[in-house]
Amino acid sequence: MNSYSLTLAILLAASILQIWGSALAIEAILHHKQDGRLHRIWLAVAGTAMLLALHDGYALELALRTGLYDLRQAVLVGLVALLMSFVIHGFRHQEA
């Protein structure tokens with residue numbers, strides 16, 4: 001696997017993880033009875049995850065259309081997406 005295809009795979013996985021994290025945060029907003037402060041925090045987390053997923057999608061589109069890519073940034077984005085998804089998943093289960 002060359003660095004270009006590895007970058008595409010990481011960006012795709014990061015985008016999927018960010019969408020999953022956003023869905024978990026939205027589910028936490030809708031299903032749990034919370035005070036207003038915690039509700040706003042979950043809303044901010046969901047919005048942040050959505051924006052990061054959008055960024056990952058734009059980076060993936062740039063790599064696909066023009067061939068411009070950066071493997072180091074893709075690896076960092078992938079790690080951020082993985083860690084953020086685990087954190088959201090963990091906080092959601094801790095709260096329940």
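Is S85 buried or exposed? I began my notes with this residue. I found S85 at 2% relative accessibility, so I entered it as buried. The cut-off I used for buried is under 20% relative accessible area. I note here that the model is predicted.

**Entry: the chain as a whole**

I counted three helices and zero strands in the protein chain. Read from the N terminus on, the elements run α-α-α. I looked up the extent of the C-alpha trace along its principal axes, and it spans about 45 × 20 × 15 Å. The chain has 96 residues, and buried residues make up 29% of them. I then took the exposed area of the protein chain, which is about 6200 Å². Carbon and sulfur atoms supply 70% of that area. For contacts between residues at least 6 apart in sequence, I found that 84% join residues at least 24 apart.

**Entry: S85 again**

I placed S85 in helix 3, which covers residues 71–95. Which residues does S85 contact, leaving aside its neighbours within four places in sequence? I listed L17, Q18, W20 and G21. With L17 I also noted an atom pair: the side chain of S85 reaches the backbone oxygen of L17 at 2.9 Å.

**Entry: the aromatic pair**

I looked for paired rings and found one aromatic pair in the structure. The pair is Y4 with Y69, their ring centres 5.3 Å apart and their planes at 65 degrees, so I logged it as edge-to-face. The angle cut-off for that label is over 60 degrees. I checked where the two residues sit: Y4 is in helix 1, and Y69 is in the loop between helix 2 (36–66) and helix 3. The two are 65 residues apart, and the pair links distant parts of the chain. For Y4 I read 26% relative accessibility, which counts as partly exposed. Y69 is also partly exposed, with a relative accessible area of 38%.

**Entry: A9 and A74**

How far apart are the C-alpha atoms of A9 and A74? I found a separation of 9.2 Å for these two residues, which lie 65 residues apart along the chain. A9 is in helix 1. I noted A9 as partly exposed because its relative accessible area is 39%.

**Entry: the salt bridge**

Side chains of opposite charge can pair when their charged atoms come close. I searched for such pairs, and the count came to one salt bridge. It is formed by the side chains of R65 and E61, at 3.0 Å from N to O. I placed both R65 and E61 in helix 2, four residues apart, or about one turn of the helix. Are these residues buried or exposed? R65 has a relative accessible area of 68%, so I entered R65 as exposed. E61, at 34% relative accessibility, counts as partly exposed.

**Entry: a nonpolar patch**

Which residues form a nonpolar patch on the surface? I wrote down I26, L30 and M50. Together they have about 290 Å² of accessible area. I looked further into one of them, I26, and found it in helix 1, residues 3–31. Its relative accessible area is 32%, so I26 is partly exposed.

Terms used. Residues are numbered from 1 along each chain as its sequence is written. This is a predicted model: local features need pLDDT of at least 70, side-chain atom pairs count only at pLDDT 80 or more; totals for chains, interfaces and linings use all residues. Side-chain values use heavy atoms; hydrogens and water are left out. Buried means under 20% relative accessible area, exposed over 50%, partly exposed in between (1.4 Å probe, protein chains only). A polar contact is a pair of N or O atoms within 3.5 Å; within protein, one must be able to donate a hydrogen and the other to accept it, and residues adjacent in sequence count only if both atoms are side-chain atoms. Contact means heavy atoms within 4.5 Å. Patches are made of residues with over 30% relative accessible area and no salt bridge: like charges are joined within 9 Å, nonpolar side chains (Val, Leu, Ile, Met, Phe, Trp, Tyr) within 5 Å. Accessible areas come from the Shrake-Rupley method with a 1.4 Å probe; for residues, only the protein chains shown count as cover. A salt bridge is a side-chain nitrogen of Lys or Arg within 4 Å of a carboxyl oxygen of Asp or Glu. Rings of Phe, Tyr and Trp (its six-membered ring) pair if their centres lie within 6.5 Å; planes under 30 degrees apart count as stacked, over 60 as edge-to-face and the rest as tilted.
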